[in-house]
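Dear colleague,

Please find the structure we spoke about below, followed by my notes on what was found in it.

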Amino acid sequence: MADDPLVVGNSTDAVILVGGQGTRLRPLTLSAPKPMLPVAGLPFLQHLLARIAEAGITHVVLATSFKAEVFEQHFGDGADLGLELDYVTETEPLGTGGGIRNVLPKLRGDTIMVFNGDVLGGADLGAVLDTHASSRADVTLHLVRVSDPRAFGCVPTDESGRVTEFLEKTEDPPTDQINAGCYVFRREYIEKIPGGRAVSVEREVFPVLLAEGAHVQGHVDNSYWRDMGTPEDFIRGSADVVRGIAPSPALPGQRGEFLVHSGAGVAPGALLIGGTVVGRGAEVGAGARLDGAVLFDGARVEAGATVERSIIGFGARIGPRALVRDAVIGDGANIGARCELLNGARVWPGVDLPDGGLRFSSDV
Ligand code: GTP
């Protein structure tokens, strides 16, 4: 954590971008915005807010758009989390850069730490702020090293750590350093973002800043990092929080192979492994096998069913001896007995599959 009281504290605001539609996580994001989906029993955003509070930042502005009202209904003024929360809503989505520019009237300090609202991270935020202050940068980007950087924004730096290029998703990346979705801006660099229209921070703001010769610094580390944007990553990230691989100050001390929330029922003989989460009021029947399963509140998995690396939405039901593997089941859907749902299957909310109604083999 930074020691410099001029950097952390009252002179640093946090901004979290939470206005995206989360299309890759549909159908779960039809009823809740992605940052509000439960991870280890808490809205994903709560884990990030706890990290921000832990770093000593107290004023947080949420840049909302899609399903904007849900955030304030849940978090209110933030006092329960030891934070002061402000909300700024875009009537038309302004993109990641436009969303940052749009919160300008709410900012109080000269140093602004911006977060994508869907990144599960373990970086030392104080250290990122220290890099920003000590390098006297205009903008500092948190960068992480990954084994396959092709699907991400690639960000090479020179020997002093200064960013030389910002390359969105390239087949031939010159570095394994990627944009981790956390930036520190000097206030005037937010004022420079064009107002009143959609702007992408990745495709427009950073390339323009570099072309204009601004000092953009990289803060590189090997901290835990996962973009929770796809079902596969959401499931992996959730399991990592349950198992303590991904740090979360919002869940002190709760670590193990599975997490069962209050009011849930797990019958004898059910097997829960792989970072499985059983939400509030959810039910798991005898002999069911849950491996890396994410059961939202009120979901039911009946006797003898198998759920592997899948998300079961609020109040959805998996019938006896059904098999659900690498799938997403929407809220309130009913998967009949012995059905098989595999390899990226997505069932929309409320859909009712009759017993034995969908299989990949001829035996019943
Ligand atoms: P997909 O539709 O699945 O790509 O998800 P997404 O809409 O969340 O987009 P993406 O993952 O690229 O967004 C990165 C972060 O920026 C997320 O935390 C989004 O909530 C946020 N975001 C994306 N677009 C906007 C926007 O127009 N306004 C605001 N305020 N935030 C946005």
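Val 351 counts as partly exposed, because its relative accessibility is 33%, in what I should say at once is a predicted model. Val 351 lies in the loop between strand S27 (346-347) and S28, and together with Leu 30 and Trp 348 it forms a nonpolar patch on the surface, for which the accessible area comes to about 250 Å².

The strand that follows this loop belongs to an open sheet of 6 strands, which are paired in parallel and ordered S13-S16-S19-S22-S25-S28. Strand S13 (265-266) and strand S28 (352-353) stand at the edges of the sheet, and because each has a single partner strand, one side of each is left without a neighbour there. Further inside the order, strand S22 (residues 317-318) runs parallel to strand S25 (residues 334-335) and is joined to it by 2 bridges; Arg 317 has Asn 334 in S25 as its bridge partner.

UniProt, in an unreviewed entry, places the feature "domain: Mannose-1-phosphate guanyltransferase C-terminal" at residues 256-349. Over residues 256-349 the chain is 0% helix and 40% strand, with the end C-alpha atoms 30 Å apart.

The other annotation to mention, likewise from an unreviewed UniProt entry, is "domain: Nucleotidyl transferase", which is placed at residues 14-241. Here the chain is 28% helix and 24% strand, and 23 Å separates the end C-alpha atoms. Strand S10 (residues 216-221) has 5 of its 6 residues buried, so it is largely enclosed by the rest of the structure. Strand S8 (residues 139-145) pairs with S10 in the parallel sense over 6 bridges, and within this pairing Leu 143 stands opposite Val 220 in S10.

Since you may be thinking about the cysteines, how many disulfides does a search of the whole structure find? The search returns 0. In the case of Cys 182, the closest cysteine sulfur is that of Cys 154, and at 18 Å it is too far away for a bond, given that a disulfide calls for two cysteine sulfur atoms within 2.5 Å. Cys 182 also counts as buried, because its relative accessibility is 5%, and Cys 339 is buried as well, with a relative accessible area of 0%; for both, the cut-off for buried is under 20% relative accessible area.

With best regards

Conventions
Residues are numbered from 1 along each chain as its sequence is written. This is a predicted model: local features need pLDDT of at least 70, side-chain atom pairs count only at pLDDT 80 or more; totals for chains, interfaces and linings use all residues. Side-chain values use heavy atoms; hydrogens and water are left out. UniProt positions are given in the numbering used here, feature names are shortened, and annotations may be inferred rather than shown by experiment. Helices (H or I, at least four residues) and strands (E, at least two) are DSSP runs, numbered from the N terminus. Two strands pair if DSSP finds at least two bridges between them. Patches are made of residues with over 30% relative accessible area and no salt bridge: like charges are joined within 9 Å, nonpolar side chains (Val, Leu, Ile, Met, Phe, Trp, Tyr) within 5 Å. Accessible areas come from the Shrake-Rupley method with a 1.4 Å probe; for residues, only the protein chains shown count as cover. A salt bridge is a side-chain nitrogen of Lys or Arg within 4 Å of a carboxyl oxygen of Asp or Glu. Buried means under 20% relative accessible area, exposed over 50%, partly exposed in between (1.4 Å probe, protein chains only).
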